[in-house]
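I opened this entry to keep a record of what I looked up in one structure. The notes follow the order in which I went through it.

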Amino acid sequence: MKFNRIWALFLRHIYLYPKSFSRIMELIYWPFLDLVVWGFISLYLNQFGKDLPNFVAFLLGALILWDILFRSQQGISVSFLEDIWARNLLNLFVSPLSPGEYIFALMLFSCVKIIMAGTIMSLLAWILYSFNFFLLGLSLLGFILGLVAMGWAIGLLTLSLILRFGQQAEILAWGLAFLFQPVSAVFYPLSVLPVWLQKIAHFVPSSYVFEGMRQIILNGHFPMRNLLICFTLDGFYLGLAFLFYYQVFKIVRKKGLLAKIGE
């Protein structure tokens with residue numbers, strides 16, 4: 001055992017951090033999000049205590065819906081990364097395949113992942129916890145569409161950033177969606193958030209879905225207003241994400257960066 005060799009290997013890992021976005025994100029981003037989300041859950045539980053209504057239904061419904069958003073995002077961003085890891089991206093785009101066709105194929109694949117994962121989670125929630133996810137009724141379809149559209153917008157943004165900045169942005173494929181979790185009010189109502197965060201949450205489509213879910217579980221009220229606002233915001237963000245993707249693709253193709261991605 002030689003301490004100088006141990007120290008050299010230790011320094012080798014330390015020197016990687018200052019210039020590595022993904023490693024800095026690992027140190028700061030995830031602990032911050034964990035503290036914020038679980039901190040607000042604790043405030044919610046402390047505020048309502050024993051009078052908290054239907055918390056199990058709130059939690060399980062929120063978990064399933066959040067998984068739908070997350071998988072719709074990953075269906076685009078992680079599938080794109082798999083083409084990079086397989087060194088297949090350049091092969092695809094030297095073919096007649098257009099950037100739009102590529103994205104719509106990923107969207108279709110994400111739908112398959114959502115259906116499979118959602119079915120499994122709903123079945124397990126019913127078997128293990130006697131929670132019927134379909135008690136949300138017809139609004140469930142609206143909730144799913146709203147979350148899928150938001151997930152696609154985040155996935156397109158993630159894909160575009162990876163396309164432009166390369167492997168150093170790959171961590172965003174797993175982390176970017178979680179940036180919206182605290183202001184989506186997934187596991188707690190918006191009223192738990194500070195006022196300034198509530199104002200931000202009003203511009204996040206998923207916050208209207210999770211608030212609407214709690215309304216249905218509590219009093220059976222169909223959240224039409226929530227769904228309309230959610231779809232409006234989704235359409236706006238998805239349109240911006242498509243424009244950003246096409247602009248980035250033009251820049252990457254013009255600079256010849258497509259051939260360098262993944263090297």
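**Overall fold**

I counted the secondary structure first and found 11 helices and 0 strands in the protein chain. Read from the N terminus, the elements run α-α-α-α-α-α-α-α-α-α-α. I note here that the model is predicted.

I then took the dimensions along the principal axes: the C-alpha atoms fill a box of roughly 55 × 55 × 40 Å. The chain has 263 residues, and 46% of them are buried. I looked up the contacts between residues at least 6 apart in sequence, and 76% of these join residues at least 24 apart. The exposed area of the chain is about 14600 Å², with carbon and sulfur atoms supplying 70% of it.

**N-terminal surface**

I searched for nonpolar patches and noted one of about 890 Å², made by M1, F3, I6, W7, F10, I14 and Y15. Of these residues I checked Y15, which sits in the loop between α1 (3-14) and α2 (21-48). Y15 counts as exposed because its relative accessibility is 61%, and the cut-off for exposed is over 50%.

**Helix α5**

I went to α5 (residues 99-129) next. It has 31 residues and reaches 44 Å from first C-alpha to last, close to the 45 Å expected at 1.5 Å a residue. I listed its buried residues as P99, G100, Y102, I103, L106, M107, S110, I114, A117, G118, S122 and A125. Several of these are three or four places apart, as with Y102 and L106 or S110 and I114. An α-helix has 3.6 residues a turn, so residues at such a spacing point the same way. The cover over the buried residues of α5 includes α3 (55-85), α4 (89-93), α6 (139-165) and α11 (224-255). Just after α5, I noted that S130 has a positive phi of about 55 degrees.

**Helix α11**

I ran the same checks on α11. Its 32 residues should span 46 Å at 1.5 Å a residue, and its end C-alpha atoms are 46 Å apart, so the two values agree. The buried residues in α11 are N226, L227, C230, L233, D234, L238, A241, F242, Y245, V248, F249 and V252. I found them packed against α4, α5, α6 and α10 (205-219). G256 follows α11 and has a positive phi, near 70 degrees.

**Aromatic pairs**

I counted ring pairs and got 14 aromatic pairs. One of them is W66 with F178, which is tilted, at 5.7 Å centre to centre and 55 degrees between the planes. W66 lies in helix α3 and F178 in the loop between α7 (172-175) and α8 (181-184), so this pair ties together parts that are 112 residues apart in sequence. I also looked up the accessibility of W66: it counts as buried because the value is 6%, against a cut-off of under 20%.

I traced a cluster as well, in which ring pairs link F80, F93, Y102, Y245, Y246 and F249. Y102 is on my list of buried residues in α5, and Y245 and F249 are on the list for α11.

**A polar residue in α3**

Is Q74 buried or exposed? I located Q74 in helix α3 and read a relative accessible area of 10%, so Q74 is buried. Leaving out residues up to four places away in sequence, Q74 touches S79, K113, A173 and W174.

**Salt bridges**

How many salt bridges does a search of the whole structure find? I got 2.

- In one salt bridge the side chains of D67 and R71 meet at 2.7 Å, N to O. Both residues lie in helix α3, 4 residues apart, about one turn of the helix. D67 is buried, with a relative accessible area of 14%, whereas R71 is partly exposed at 28%.
- In the other, the side chains of E211 and R214 meet at 2.8 Å, N to O. These two are 3 residues apart in helix α10, so about one helical turn separates them. E211 is partly exposed, with a relative accessible area of 22%, whereas R214 is buried at 6%.

Technical notes
Residues are numbered from 1 along each chain as its sequence is written. This is a predicted model: local features need pLDDT of at least 70, side-chain atom pairs count only at pLDDT 80 or more; totals for chains, interfaces and linings use all residues. Side-chain values use heavy atoms; hydrogens and water are left out. Patches are made of residues with over 30% relative accessible area and no salt bridge: like charges are joined within 9 Å, nonpolar side chains (Val, Leu, Ile, Met, Phe, Trp, Tyr) within 5 Å. Accessible areas come from the Shrake-Rupley method with a 1.4 Å probe; for residues, only the protein chains shown count as cover. A salt bridge is a side-chain nitrogen of Lys or Arg within 4 Å of a carboxyl oxygen of Asp or Glu. Buried means under 20% relative accessible area, exposed over 50%, partly exposed in between (1.4 Å probe, protein chains only). The expected span of a helix is 1.5 Å times one less than its number of residues. Contact means heavy atoms within 4.5 Å. Rings of Phe, Tyr and Trp (its six-membered ring) pair if their centres lie within 6.5 Å; planes under 30 degrees apart count as stacked, over 60 as edge-to-face and the rest as tilted.
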